[in-house]
Amino acid sequence: MAAEESYPDDIRYHREHDWARIEGDEAVLGITWYAQDALGELVHYEPPEQGATVSRGTPYGEVESVKAVSDVIAPISGEVLEVNKAVVDAPETVNEDPYGNGWLIRIRLSDPAEAEQLLDAAAYREVLAEQ
């Protein structure tokens, strides 16, 4: 069962439909409701390796759906601390709960100031209105 459309206020958004929940010097990353809805049911998630570095604005993994394969873009830079194995095993978890159990990776921030360049929920909704 797909999640209902939502864009929580407690997370920050990247224009490429990725999100970051920043918690001190760490962040949890994932794709937005819009991204998972546009892709359709996810059937595969190709994550980065634990210990890898992700850079803001560049791909760090892929999600594959019944419709397409899409890069996952890092909204913020850091070192991968953890990969969500539940999503590797059951990619449809992202469709069911994109901001909860469907998170993709946890990182240690390399440049916390990058967060200031991310969008809040209202600004992200404006990006969606332009689509």
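**Exercise 1. Locate Ala52, classify its accessibility as buried, partly exposed or exposed, and relate its position to that of His14.**

Solution. Ala52 is found in the loop between strand 4 and strand 5. The model is a predicted one, and every value below is computed from it. Buried means under 20% relative accessible area and exposed means over 50%, with partly exposed in between. Ala52 has a relative accessibility of 24%, so this residue counts as partly exposed. For the second part, Ala52 and His14 are 38 residues apart in sequence. Their C-alpha atoms lie 20 Å apart in space.

**Exercise 2. Determine the strand order of the open sheet and identify which strands are edge strands.**

Solution. Strands of a sheet pair through backbone hydrogen bonds, either parallel or antiparallel. Here the open sheet has six strands in the order 1-2-3-9-8-5, and the pairing is antiparallel. The edge strands are strand 1 (12–14) and strand 5 (53–54), each of which pairs on one side only. At the strand 1 edge, three bridges join strand 1 to strand 2 (residues 18–23), and the two run antiparallel. His14 has Asp18 in strand 2 as its bridge partner.

**Exercise 3. State how many salt bridges a search of the whole structure finds, and analyse the one between Asp10 and Arg21.**

Solution. Side chains of opposite charge can pair when their charged atoms come close. The search finds six salt bridges in the whole structure. In the bridge between Asp10 and Arg21, the closest N and O atoms are 3.5 Å apart. This distance satisfies the criterion, because a side-chain nitrogen of Lys or Arg must lie within 4 Å of a carboxyl oxygen of Asp or Glu. The pair links distant parts of the chain: Asp10 belongs to the segment before strand 1 and Arg21 to strand 2, eleven residues apart. As to accessibility, Asp10 is exposed because its relative accessible area is 53%, whereas Arg21, at 18%, counts as buried.

**Exercise 4. Which parts of the chain does the salt bridge between Glu23 and Arg106 tie together, and how accessible are the two residues?**

Solution. The side chains of Glu23 and Arg106 meet in a salt bridge of 2.9 Å, N to O. Glu23 lies in strand 2 and Arg106 in strand 9 (residues 105–109), so the pair ties together parts that are 83 residues apart in sequence. Glu23 has a relative accessible area of 36% and is therefore partly exposed. Arg106 counts as partly exposed at 22%.

**Exercise 5. Characterise the salt bridge of Arg108 with Glu79, then name the residues joined into one salt-bridge network.**

Solution. The closest N and O atoms of Arg108 and Glu79 are 3.8 Å apart. The pair links distant parts of the chain, with Arg108 in strand 9 and Glu79 in strand 8 (residues 78–83), 29 residues apart. Both partners are partly exposed: Arg108 has a relative accessibility of 36% and Glu79 one of 34%. For the network, salt bridges that share partners join Glu23, Glu26, Glu82 and Arg106.

**Exercise 6. Identify which residues gather in the patch of negative charge on the surface, and place Glu46 in the chain.**

Solution. The patch of negative charge on the surface gathers Glu46, Glu49, Glu62, Glu64 and Asp71. Of these, Glu46 lies in strand 4 (residues 42–46). Its relative accessibility is 40%, and Glu46 therefore counts as partly exposed. This value agrees with patch membership, because patches are made of residues with over 30% relative accessible area and no salt bridge.

Conventions:
Residues are numbered from 1 along each chain as its sequence is written. This is a predicted model: local features need pLDDT of at least 70, side-chain atom pairs count only at pLDDT 80 or more; totals for chains, interfaces and linings use all residues. Side-chain values use heavy atoms; hydrogens and water are left out. Patches are made of residues with over 30% relative accessible area and no salt bridge: like charges are joined within 9 Å, nonpolar side chains (Val, Leu, Ile, Met, Phe, Trp, Tyr) within 5 Å. Accessible areas come from the Shrake-Rupley method with a 1.4 Å probe; for residues, only the protein chains shown count as cover. Lys and Arg count as positive and Asp and Glu as negative; His and the chain ends are not counted. The place of a charge is taken as NZ of Lys, CZ of Arg, CG of Asp or CD of Glu. Helices (H or I, at least four residues) and strands (E, at least two) are DSSP runs, numbered from the N terminus. Buried means under 20% relative accessible area, exposed over 50%, partly exposed in between (1.4 Å probe, protein chains only). Two strands pair if DSSP finds at least two bridges between them.
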